[in-house]
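Subject: Structure handover

Hello,

Here is the structure for your files. Notes on the ligand site and the pockets follow.

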Amino acid sequence: IPKFYFESARVWKEQSVKKLLTDALNKNQYLRRLEVQQVKDMVECMYERTYQQGEYVIKQGEPGNHLFVLADGKLDVYQHNKLLTSIAVWTTFGELAILYNCTRTASVKAASNVKTWALDREVFHNIMRMTAEARHEQY
Ligand code: CMP
């Protein structure tokens with residue numbers, strides 16, 4: 001199995017953080033079909049990204065390059081400048097554009113200074129592809 005697809009993207013993190021990230025990915029309704037090993041690999045490859053209060057993490061209509069988990073702070077979700085909701089800490093967001101290759105369905109804006117864990121789209125798809133290839137070799 002060509003591990004090199006994403007091996008270089010691994011970022012060390014504490015076990016407690018890995019647990020929180022795993023739970024955050026697993027409770028996302030669109031990511032339920034991921035396998036245990038895929039979630040593990042994704043967690044390994046997530047890295048910290050911080051945003052200042054008032055900054056956009058995601059802009060509606062733009063292409064998506066990352067999937068995120070909120071680790072600290074307050075994020076608001078807007079559609080056409082209308083406030084829809086806030087994102088709870090240790091929740092996954094930004095998964096739709098990554099999963100379905102669509103543009104961002106909403107804007108996500110930092111209502112305080114925010115810490116997130118991000119996963120690059122390319123790494124996400126490499127992890128998915130690697131599992132498919134491994135299965136192909138098996139049969
Ligand atoms: P994505 O479309 O990639 O980028 C914007 C993200 O906001 C989206 O993925 C979801 O994770 C999130 N989002 C979109 N609509 C809502 C909503 N109505 N409530 C909460 N989160 C949303």
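In the class counts below, Ala, Val, Leu, Ile, Met, Phe, Trp, Tyr, Cys and Pro are nonpolar, Asp, Glu, Lys and Arg are charged, and the others, Gly among them, are polar. The model is predicted, so local features need pLDDT of at least 70 and side-chain atom pairs pLDDT 80 or more, while totals for chains, interfaces and linings use all residues. Numbering starts from 1 along each chain as its sequence is written, and side-chain values use heavy atoms, without hydrogens and water.

Ligand. The shell around the ligand (residues with a heavy atom within 4 Å of it) has 13 residues, with Gly94, Glu95, Ala97, Arg104 and Thr105 the closest. By class, this shell has 8 nonpolar, 3 polar and 2 charged residues. Polar side-chain atoms of Arg104 and of Thr105 each lie 2.7 Å from a ligand oxygen atom. For Gly94, a backbone N or O atom is 2.9 Å from an oxygen atom of the ligand.

Second largest pocket. A pocket is an open set of points on a 1 Å grid over the protein atoms alone, where a 1.4 Å probe fits, with protein on both sides within 12 Å along at least five of seven lines; lining residues have an atom within 4 Å of a point. The lining of the second largest pocket comprises 6 nonpolar, 3 polar and 4 charged residues.

Regards

Methods: A polar contact is a pair of N or O atoms within 3.5 Å; within protein, one must be able to donate a hydrogen and the other to accept it, and residues adjacent in sequence count only if both atoms are side-chain atoms.
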